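Trainee: I would like a close look at one part of this protein. Please take me through a single residue and its surroundings, then move outward from there.

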Amino acid sequence: FEETGDDTGLARAWMLVAWAHWLEGQWGPRGEALERALVHARKAGNRRLEALALGGVSLSLVWGRTPVPEAIDRCERMLAEIEGEMRLKAMVLVALADLRSQQGAFDEARRLYGETKSLATEYGLQLLDALRTLTGGLIELRAGSTDAAERELRWGYERLRRIGERISLSTSAAYLAEALYRLGRFEEADRFTEIAEESAPARDRVTHATIRGTRAKILATRGDSAGAEASARDAVALTKKTDDLNLRGDALLSLAEVLGKAGRHDEAREAVEAAVELFRRKGNVVAAENAVAALASTR
């Protein structure tokens, strides 16, 4: 494509590179690939590819190692650049809602999230309407509104299932399993970890790590300490190869919970302390505070 000066081809090629990084949970390299796709999409005058690239950049800011305040600033500058691009505006607002919730600004996060729903409904963005529910679920989980999180995640899961979108379906099912676990509905949570595993691409580290972390805690409730620890350590190992600081922290908290239930409190504290450090690096104030509270309970 470089030899022929085909900017549309180059934009599409860099977006495929970004897709490979997404599967590996490498959000920094994914964002860099999307930035390159964005340059070529603009040269080609291809507004659709430009919108997809910019939307992908905003989500890479959420899931990668970019500190939350810096990510918020970038997303707000994006919004100023995309007047009239409603699909893209909805994608950036989803990212902003997630980031605001990490700071504990739940009312603002919910307002932004509600705005994405209005845009998705008005412009018939069915897939985006279903995908954004992952953010809605995470907002409510961070806020401690687990019932609301379960409703949001289930709605998104059912919508994705109806339209036949399998890859995102697996991630949605994995986070729904976590919400169900927190509600004490362990059998149903276990069933959704299986559903997620069946449809997740083999290299999708985010989904597989989430599945293993939740499954570890379910096994611990059944008294299977060895199985629980093995699953939790698998989750931690998977996340170490990503630059998703929140995912890495969550996996460590799952390990800490499993170790705590087994009476291994010193090891549990070490895992929580490592999680706190990761959340602080990301700027996820809510997760850091919750992890500190969990640390106090292990003393």
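Mentor: Start with a cut-off: a residue is buried when its relative accessible area is under 20%. Keep in mind that this is a predicted model. Now take C75. Its relative accessible area is 0%, so C75 is buried.

C75 sits in helix α4, which covers residues 68–81. Look past its neighbours within four places in sequence. C75 is then in contact with S58, L61, V92, A95, L96 and L99. For a sense of scale, compare C75 with G55. The two are 20 residues apart in sequence. Their C-alpha atoms are 9.6 Å apart in space.

C75 also belongs to a bigger group. The largest nonpolar core has 67 residues. C75 is among the members that touch the most others, together with W63, L99, Y157, Y175 and F192. L99 therefore appears twice here: as a contact of C75 and as another of those well-connected members. Helix α10, residues 166–182, gives the most to this core, with nine residues. A second core lies apart from it. That one has 25 residues, including V236, L252, A271 and A275. As background, nonpolar side chains tend to be buried together in soluble globular proteins.

Next, helix α5, residues 86–102. Its axis and that of helix α8, residues 133–143, come within 9 Å. They cross at roughly 10°. That makes α5 roughly parallel to α8. On the α5 side, the residues that meet α8 are V94, A97, D98, S101 and Q102. On the α8 side they are T135, L138, I139 and R142. By type, this contact has four nonpolar residues, three polar and two charged.

V94 leads on to T116. T116 is found in helix α6, residues 106–122. Its contacts beyond four places in sequence are A90, L93, V94 and R132. So V94 has a part in two places: it touches T116, and it meets α8 from α5. T116 is buried, because its relative accessible area is 1%. A polar atom of its side chain lies 2.5 Å from the backbone oxygen of Y113.

Y113 leads on in turn to T133. T133 lies in helix α8. At 1% relative accessibility, T133 counts as buried. T133 touches Y113, E152, L153, W155 and G156, leaving out residues up to four places away in sequence. Y113 thus links two threonines: its backbone oxygen lies by the side chain of T116, and Y113 itself touches T133.

Now for two other sites. The place of E24 is in helix α1, residues 7–24. The side chain of E24 makes a polar contact with the side chain of R205, at 2.8 Å. Setting aside neighbours within four places in sequence, E24 is in contact with R203, R205, K241 and T242. E24 and S145 are 121 residues apart in sequence, with 30 Å between their C-alpha atoms.

Finish with A262. This residue lies in the loop between α14 (245–261) and α15 (265–282). At 35% relative accessibility, A262 counts as partly exposed. Its C-alpha atom is separated by 18 Å from that of V236, 26 residues apart along the chain. V236 is one of the residues of the 25-residue core.

Notes
Residues are numbered from 1 along each chain as its sequence is written. This is a predicted model: local features need pLDDT of at least 70, side-chain atom pairs count only at pLDDT 80 or more; totals for chains, interfaces and linings use all residues. Side-chain values use heavy atoms; hydrogens and water are left out. Helices (H or I, at least four residues) and strands (E, at least two) are DSSP runs, numbered from the N terminus. Buried means under 20% relative accessible area, exposed over 50%, partly exposed in between (1.4 Å probe, protein chains only). A polar contact is a pair of N or O atoms within 3.5 Å; within protein, one must be able to donate a hydrogen and the other to accept it, and residues adjacent in sequence count only if both atoms are side-chain atoms. Contact means heavy atoms within 4.5 Å. Axes are lines fitted to C-alpha atoms, for helices over the stretch in contact, and angles run from 0 to 180 degrees between N-to-C directions. Angles under 35 degrees count as roughly parallel, over 145 as roughly antiparallel, 65 to 115 as roughly perpendicular and the rest as oblique. Ala, Val, Leu, Ile, Met, Phe, Trp, Tyr, Cys and Pro count as nonpolar, Asp, Glu, Lys and Arg as charged, and the others, Gly among them, as polar. A nonpolar core is a set of buried Ala, Val, Leu, Ile, Met, Phe, Trp, Tyr and Cys residues joined through side-chain atoms within 4.5 Å.
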